[in-house]
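Me: Could you walk me through how to read the fold of a protein chain, beginning with its overall dimensions and ending with a single residue?

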Amino acid sequence: MNQTILVLDFGGQYKELIARCVRSCNVYSYIKSGKITVDEVKKIAPIGIILTGGPNSVYKENAISIDPKIFELGIPVLGICYGMQLLCHVLGGKVEGAKKSEYGVTQTSISVNNKLFKDLKPKLNALMSHTDKVTELPLGFTALASTHNTEYAACADEKRGFYGIQFHPEVELTENGTEIIKNFLYGVCNASGDYNIDDYVERQIRLTREKVGKENIILALSGGVDSSVCAAILSRAVGKQLICIFVDHGFMRLGEGDEIERVFSSMDLKFIRVNAEERFLEKLKGVSEPEKKRKIIGEEFIKVFEDESKKLGDVKFLAQGTIYPDIIESGGEHAATIKSHHNVGGLPKEMSFKAIIEPLSGLFKNEVRQIGAKLGLGDFLVSRQPFPGPGLAIRVMGDVTKPKLDILRLADNVVCQEIKKSKLKVSQYFAVYTDVKTVGVMGDERSYDNLIAVRAVTTSDFMTCDYTPISHRVLKRISARIVNEVKGVNRVVYDITSKPPATVEWE
């Protein structure tokens, strides 16, 4: 059993980044609700606890709190943002609304030499995101850092191993953030670093074998990174018991369905392709609301698999390549729903399958790619840019029709070709059919045709991202090719919004 850091969730959207950062330091992390009981904590027996950020104010009646007895277990604690405020509030300090909020990257001064900031520079740029702040420290605590507006940007009771930081070390925008978390793990919690990706794979293989026994599993194979790595793990776990079904819903990129069939048909597994474009288009007829699209597609996916499973006999298990960000963005116990993923929020309440198998549900995208490389999957699959399960259906604004999809496919193909040719470092890139028509001049005549948007972002975790600063030369070439090669388009724009406030996808 690996040493464990328990990440307690108080509704912060960055909780999975904290868990990911801990695991990148070779320590296993586990996320649980902040409402966890003392007995549950004792059973997990973590070497340390991290309290996440959250949207509430700790001094309000509806605030998510924590059982104070957890602080009597002798386990080191690191509170981040709301987590720091909660730690101080519960232990007798004072938290109040700040006269001036702090948002964005802020210069932070480290004032006291301590284990948490060991070997760091006296000043660092850190991401702040708070309206409340600690105004009085609990008994036994001392200040460790400050900013121009926040006297207690970090604090600690080093005797008990309690630390609080008002900023977010888990995000890339904070300098030396990983080093701060690593100092907590190894300098405060005395971690041994006994966790790695291989452990996760072996555990999932073992758990799958125990759960499935001699039964068959149907895997929803999209050909993307997640489902491909999922197939590789399940193949090692159950071999020929795995049946991979690729549902071509008609929302794939240009030529992608045939490419996926070619790659997976050559592998040592049972591969079935289901062409269901008409079926999905009929279900989406007249539907323009994004969440409704996702749920309809999710439900139809399950129905297709149920139909196929009946042809194969009594198949009791359905597998999916669901990863952690899918679950987080679909909403948790304390988190707001950003968007429902078709394989999370779209699942119907009643299914004929006995259970869902999701071996990647505790992983982030970068970890999935690492596993894919370790399992010997080719670069074509491992390095492939992410593609949403609902496919182009959520890149067509408004209702989805075949003519719109055909226009988007051609435009998207141009974007992909030109960005690949430019050799830019881009994490994800695609075209969007905006469902907006604009006036233009083509030849000597007035046109009233479609507006295509181009999206390209750079990120390591897909929980936050920056738009990619593509050169005007490349953008000009993309625009010229789309307008000249794709009938029905007379204008192209580039999306320069980061996440947050936007998401990667438009829907």
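The dialogue below goes from the whole chain to its cores, then to a pair of strands and one loop residue.

Me: What should I establish before anything else, and how many helices and strands does the protein chain have?

Reply: Keep in mind that this is a predicted model. The protein chain has 14 helices and 18 strands, and its C-alpha atoms fill a box of roughly 75 × 65 × 40 Å along the principal axes.

Me: Why does the radius of gyration of the protein chain agree with that of a compact globule?

Reply: The idea is to compare the value with what the chain length would suggest: for 507 residues a compact globule would have a radius of gyration near 23 Å, and because the protein chain has 25 Å, the two agree. Contacts can be read alongside this, since among those with a separation of 6 or more, 74% join residues 24 or more positions apart.

Me: What share of the residues is buried, and where do the nonpolar ones gather?

Reply: In soluble globular proteins, nonpolar side chains tend to be buried together. Here, buried residues make up 57% of the 507 residues in the protein chain. The largest nonpolar core has 50 residues, and Phe251, Phe305 and Ile482 have the most contacts inside it. Helix H13, residues 402-422, gives the most to this core, with eight residues. A second, separate core of 41 residues includes Cys230, Ala232, Phe271 and Leu360.

Me: Which residues does Phe305 touch, if those up to four places away in sequence are not counted?

Reply: Phe305 touches Ile218, Leu219, Ala220, Ile245, Val247, Leu318 and Phe353.

Me: Val247 appears in that list; in which sense do strands E11 and E12 pair, and over how many bridges?

Reply: In a regular strand the side chains alternate between the two faces of the sheet. In this model, E11 (residues 242-248) and E12 (residues 270-275) pair in the parallel sense over six bridges, with Val247 standing opposite Val274 in E12. Together with helix H7, residues 256-265, these two strands make a right-handed β-α-β unit.

Me: Finally, is Gln241 buried or exposed?

Reply: The reading rests on relative accessibility, with under 20% counting as buried; Gln241 has 17%, so this residue counts as buried. Gln241 has its place in the loop between helix H6 (225-238) and E11. Leaving aside neighbours within four places in sequence, Gln241 is in contact with Val212, Gly213, Lys214, Glu215, Asn216 and Ile217.

Note on methods: Residues are numbered from 1 along each chain as its sequence is written. This is a predicted model: local features need pLDDT of at least 70, side-chain atom pairs count only at pLDDT 80 or more; totals for chains, interfaces and linings use all residues. Side-chain values use heavy atoms; hydrogens and water are left out. Two strands pair if DSSP finds at least two bridges between them. Helices (H or I, at least four residues) and strands (E, at least two) are DSSP runs, numbered from the N terminus. A crossover is right-handed if, with the strands pointing away from the viewer, the path from the first strand over the helix to the second runs clockwise. The radius of gyration is taken over C-alpha atoms; the globule rule is 2.2 Å times the number of residues to the power 0.38. Buried means under 20% relative accessible area, exposed over 50%, partly exposed in between (1.4 Å probe, protein chains only). Contact means heavy atoms within 4.5 Å. A nonpolar core is a set of buried Ala, Val, Leu, Ile, Met, Phe, Trp, Tyr and Cys residues joined through side-chain atoms within 4.5 Å.
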